[in-house]
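Thanks for coming. I will go through one structure today, starting with strands and sheets and then moving to side chains.

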Amino acid sequence: MNMVKSLFLGSAAALVAMSGAQAADLPLKAKAVEYVKVCSIYGAGFYYIPGTDTCIKLGGYLRADATMYGGAAYNAPAWNGNAGQKNRLANNTIFRSRQDINIDTRTATEYGVVRTYFDATFNWTTGDGVAAGSLGVYYAFIQFAGFTFGKAVSQFDTPWTGYPGNNTSFLIGGYDDVTGINQVAYTAEFGNGVSGSISLEDQSSYLQSALYNTSGLTNAGFASGVFGTNSYAGTQIPDIVGKIRVDQAWGLFQVSAAAHQVRASYYTPALETSGHPSDTWGYAVQGAISLKNLPTGPGDSINFTATYADGATRYVLGGVSPTSFAMYGNSGVGYQSLALAGAADGVFSGTNNINGSGITKTQAWGVRGAFNHNWSPFWSTSLFGSYTSIDYNGTATAQICATAVGFTCNPDFRIAQIGTVTRWTPVKNLTFSGEVMYTYLDQSHSGLVALAPGATKPAANYELKDLGTWSGNLRVQRVF
């Protein structure tokens with residue numbers, strides 16, 4: 001019996017040893033795969049980053065765009081440069097291809113949602129003078145506990161920025177910072193769709209027009225709409241911006257204001273001992289309204305803004321449009337006709353503290369809007385327009401026109417624009433569109449003046465008169 005028991009235990013021990021040896025040769029069991037989970041609390045398209053409580057959404061668009069008879073991509077009017085001169089160096093077609101990528105992350109915390117947002121564009125443009133690729137960082141900001149830090153849409157601006165219904169990036173008559181502006185902002189939500197914001201915003205990139213020292217200005221300067229030496233100093237204080245906004249089912253109402261420091265360099269640019277004018281402050285105010293649920297059809301809307309600025313003309317001209325304009329056409333009394341204009345936040349004159357003047361600010365106002373109508377789920381049309389007015393008072397006009405010879409000088413001007421765009425969306429997020437726009441420069445100079453405009457234009461007599469120009473745009477865009 002003892003022999004049988006010993007044999008049984010020995011056999012069992014041998015089996016255990018053999019099993020252990022075989023188990024050592026087997027691969028270890030893999031860890032369970034951690035699948036990406038949908039994050040539904042922030043809307044469609046968000047997913048949890050594996051191993052974290054942060055949600056992420058990737059998006060963007062690819063766009064192919066062509067501008068006809070314009071001055072730059074995205075339907076810029078032919079209002080300066082070779083396009084404005086209508087010479088043989090101007091390209092009748094300007095192409096741009098763009099890939100946009102954006103990354104949106106959100107994390108719930110005891111202080112509310114922490115959000116980061118990044119948007120970049122990769123562009124290839126031909127026809128605007130040189131074939132070139134470019135990288136643009138549109139937005140890069142962090143939002144936390146009501147604060148926004150980084151490059152985001154200005155608190156002064158509307159949700160549609162410079163696009164109440166248009167494709168063109170050059171519909172002036174109001175503020176436009178669609179590419180974002182560096183800021184530190186705080187937004188408070190008061191309930192029932194009412195919110196208020198205050199911010200400090202970088203003025204150096206998009207918010208300075210020109211600050212002209214008119215000393216030494218001759219007729220040659222008028223040929224390009226540049227009324228002297230641009231003498232803006234470096235920035236000292238960011239623009240101070242505030243906004244009250246009401247969002248309701250019927251649409252939106254918003255009032256915003258900005259304070260803008262106007263600060264000159266020196267009377268003689270390269271000589272600090274020449275002194276400088278005293279700093280002054282400009283400002284801008286804007287009212288905006290958006291109406292939805294119109295009786296004309298589902299999804300129809302009206303977007304409209306009205307803006308006034310004193311010493312802060314970029315708030316009316318937008319951030320990407322030029323500040324000087326020179327358009328040429330036919331004339332029966334001179335070599336050609338010429339419509340010219342220049343916008344500035346202010347002007348001064350002098351070469352030192354003894355003969356130098358203070359800064360005289362420029363006033364500007366503009367209206368801009370669009371009616372957007374849906375013919376069907378696949379077809380829509382927008383009718384858009386704007387009107388911009390720049391006014392130099394008597395002191396500024398006298399400084400600009402002090403050396404004008406042989407013509408009636410008045411730097412005030414107005415620009416009117418009207419256009420329409422029709423869009424076809426055959427499948428979701430794929431849109432084909434065609435746009436046409438007319439831009440009219442109503443300038444206040446008159447007479448026949450001897451000029452040497454440069455580029456391809458000869459020195460000759462030019463008739464100063466109002467002129468207009470047509471431009472068009474074709475676009476295909478796929479959003480994902």
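**Strands, sheets and rings**

Let me start with a hairpin: strand 7 and strand 8 form it, with two residues between them. In the turn, Asn 192 has a positive phi of about 60°. Before I go further, please keep in mind that this is a predicted model.

The two arms of that hairpin, strand 7 and strand 8 (residues 194-201), are antiparallel and pair over eight bridges. To find your place in the ladder, take Ala 185, whose bridge partner in strand 8 is Ser 199. Strand 8 also pairs with strand 11 (residues 239-248), again in the antiparallel sense and over eight bridges. There, Glu 201 stands opposite Asp 239 in strand 11. As a general point, side chains in a regular strand alternate between the two faces of the sheet.

Next, another sheet. In what order do the strands of the open four-stranded sheet run? The order is 10-9-17-18, and the pairing is mixed. Strand 10 (229-230) and strand 18 (360-361) are at the edges with a single partner strand each, so each has one side without a neighbour in the sheet. Strand 17 (residues 346-348) runs antiparallel to strand 18, and two bridges join them. One residue to look at here is Val 347, whose bridge partner in strand 18 is Thr 360. Helix 5 (residues 394-401) packs on this sheet and touches both strand 17 and strand 18. The direction of helix 5 makes about 60° with that of strand 17.

Now the rings. How many aromatic pairs does the structure hold? The count is 24. I will show two of them. One is Tyr 175 with Tyr 315, a stacked pair at 4.9 Å centre to centre, with 15° between the planes. This pair links distant parts of the chain, 140 residues apart. Tyr 175 is in the loop between strand 6 (147-152) and strand 7 (181-191), while Tyr 315 is in helix 4 (residues 314-317).

Are these two tyrosines buried or exposed? Tyr 175 has 1% relative accessibility and therefore counts as buried. Tyr 315 is at 0%, so Tyr 315 counts as buried too.

The other pair is Tyr 328 with Tyr 462, which is edge-to-face: 5.9 Å centre to centre and 80° between the planes. Tyr 328 lies in strand 15 (residues 324-329) and Tyr 462 in strand 24 (residues 460-464), so the pair ties together parts 134 residues apart in sequence. Tyr 328 is buried, with a relative accessible area of 3%. Tyr 462 counts as buried because its relative accessibility is 0%.

Tyr 328 has a further neighbour to point out. Lys 457 lies over the face of Tyr 328, at 5.1 Å from the ring centre. A similar arrangement involves Lys 37, which lies over the face of Tyr 48 at 5.6 Å from the ring centre. Ring pairs also link Trp 79, Phe 170, Phe 325 and Phe 413 into a cluster.

One last residue, a histidine. Where is His 445 found? His 445 is in the loop between strand 22 (430-443) and strand 23 (447-451). Its relative accessibility is 3%, so His 445 counts as buried. A polar atom of the His 445 side chain lies 3.1 Å from the backbone nitrogen of Asn 410.

That is what I have; I will take questions now.

Terms used: Residues are numbered from 1 along each chain as its sequence is written. This is a predicted model: local features need pLDDT of at least 70, side-chain atom pairs count only at pLDDT 80 or more; totals for chains, interfaces and linings use all residues. Side-chain values use heavy atoms; hydrogens and water are left out. Rings of Phe, Tyr and Trp (its six-membered ring) pair if their centres lie within 6.5 Å; planes under 30 degrees apart count as stacked, over 60 as edge-to-face and the rest as tilted. Buried means under 20% relative accessible area, exposed over 50%, partly exposed in between (1.4 Å probe, protein chains only). A charge sits over a ring if NZ of Lys or CZ of Arg is within 6 Å of the ring centre and within 35 degrees of the ring normal. A polar contact is a pair of N or O atoms within 3.5 Å; within protein, one must be able to donate a hydrogen and the other to accept it, and residues adjacent in sequence count only if both atoms are side-chain atoms. Two strands pair if DSSP finds at least two bridges between them. Contact means heavy atoms within 4.5 Å. Axes are lines fitted to C-alpha atoms, for helices over the stretch in contact, and angles run from 0 to 180 degrees between N-to-C directions.
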